[in-house]
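Hello,

Here is the structure I promised to pass on to you. Have a look at it first, and then read on for what turned up in it.

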Amino acid sequence: MLSSTGLIVNTPAWAQSPAGVDRAGGPQWWKGNLHTHTFWSDGDDFPEMVVQWYKDHGYHFLSLTDHNRLSQGQRWMPVTDKQQAAFEKYLARFTDRWIETRKNEKGQTEVRLKPLSELRCLFEQPEQFLLIQGEEISEKAHLNAINLLDLIEPQDGPTMPELLQNDVNAVLKQQEKTGQPMLVQINHPNFQWALTAEDMAGVKGARFFEVYNAHGSVNNDGDKLRAGTERMWDIILATRLSGPSPEILYGVATDDAHNYHKFEPSAANPGQAWIVVRSEQLTPESLIRAMNAGDFYCSTGVTLKDIAFRDRTLTVQVAPEPGVTYKIQFLGARRGYDPTSREVVNAEGKTVRTTHNYSPEIGAVLAEDQGTTASYTLQGDELYVRAKVLSSRRNEKSHVADEYEAAWVQPVVGR
Ligand SMILES: [Zn+2]
Ligand SMILES: [Zn+2]
């Protein structure tokens, strides 16, 4: 190996990187999903089948995030009629040396659900595939804790903002206590219309939320009265970044997969929405560090070649596909925007508990370009700027009619 002075240096064997790790090219893009369910809670397949699906489909990392549960310890699942088809597929895919079954007192077959530690032995490969421990803390609000060590019980609170803060604090407290980097994301705010932009805006340490969740009942787009998640994102960014303690909010896209047998738009299938993170290594630490720096994007089908923010210029480059055209938008809010808001009132004149109405100066389209590369140079009065790439290709996997594939680039902050 050549040192910086050109001398030959011998690297001791213990300091040499395993094959493939010592790359010259710097950071890489890694594709992953941080929201998935299995038989450990209400998903409809065995964890191995789920992990195998993601590994076979080009993903580099995956978090199994079952409801209020870690995939740990001894757990035997009875095979009822409901699980029979999945069980048969499982038997056909894995050997009986791997699969563990027994009969319970009723003579029913039970299968041992493999814990994460055993899944890791089967699937993980350095620089190729990584499993990160996760949990969906689920009660009145749902939040994913990623790379946690111990189970976190859903917290309560007298109001929704306080409840959210208590859930976030529980993750941050464990992170502080253990020294292990963790990530907490607020999930599908419009599921059962649970969360508003105002609920989330003041929550300290909540730096991630699902701008797109592919599950069929989460109302990403809102409805006639209620704001969609992307509108919430802009409202929260403008509110936070113009306030006394500015904190960023990054958007995450996830599958929230539950259904692995029938692939159709109405099902919560894998492979619909993901994130791509640019980090040095495929490790939880490296990925979380990059995500905290906003070095990732969300996608429902669009692949990006590069994102750069240099000399106050945000540049987005698409990796184009034949026959597909792209529109790149830069959205943001400027200092001095109108911050006033109005409650939403329905046709009967009743106030609806939902995100308020705000000025179109929030989330305004600052520039837009057709093509595969576009740049925006900040003028200096922007609170934030984020980019969105819209594809001309319809998203056939989505349950929403007339949805087109897209990518969301994380906001950069002015100043
Ligand atoms: Zn959920
Ligand atoms: Zn979920």
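A residue is called buried here if 20 or more other C-beta atoms lie within 10 Å of its own. By that rule, buried residues make up 40% of the 415 residues in the protein. Please keep in mind that this is a predicted model.

**The whole chain**

The secondary structure comes to seven helices and 21 strands. Along its principal axes, the C-alpha trace spans about 75 × 70 × 50 Å. For a compact globule of 415 residues one would expect a radius of gyration near 22 Å, and the protein has 23 Å, so the two agree. Among contacts with a separation of 6 or more, 68% are between residues 24 or more positions apart.

**A small stop at helix α6**

Helix α6 covers residues 229-241. At 1.5 Å a residue, its 13 residues should span 18 Å, and because its end C-alpha atoms are 18 Å apart, the expectation is met. This helix is mostly covered, with twelve of its 13 residues buried. Among them are W233, D234 and R240, along with I235, I236 and L237.

**A sheet of three strands**

Next, find the open sheet with the order β3-β5-β4, in which the pairing is antiparallel. Its edge strands are β3 (76-78) and β4 (101-103), each of which pairs on one side only. On average, neighbouring strands of this sheet are turned by 35° against each other, direction ignored. Between β3 and β5 (residues 109-112) there are three bridges, again in the antiparallel sense. If you want a spot to look at, M77 stands opposite V111 in β5.

**One residue in a loop**

Just one more place to visit: S71, which sits in the loop between β2 (61-64) and β3. Is S71 buried or exposed? It has 24 other C-beta atoms within 10 Å, and the cut-off is 20 or more, so S71 counts as buried. Leaving out residues up to four places away in sequence, S71 touches W40, P47, L64, D66, P115 and L116. As for C298, it is 227 residues from S71 in sequence, and the two are 26 Å apart in space, C-alpha to C-alpha.

I hope this helps you find your way around.

Best wishes

Note on methods. Residues numbered from 1 in each chain as written. Chains lettered and ligands numbered in written order. Predicted model: local features only at pLDDT ≥ 70, side-chain atom pairs only at ≥ 80, totals over all residues. Helix = DSSP H or I, 4+ residues; strand = E, 2+ residues; numbered from the N terminus. Expected span 1.5 Å × (residues − 1). Pairing = 2+ DSSP bridges. Axes fitted to C-alpha atoms, helices over the stretch in contact; angles between N-to-C directions. Contact = placed C-beta atoms within 7 Å. Rg over C-alpha atoms; globule rule 2.2 N^0.38 Å.
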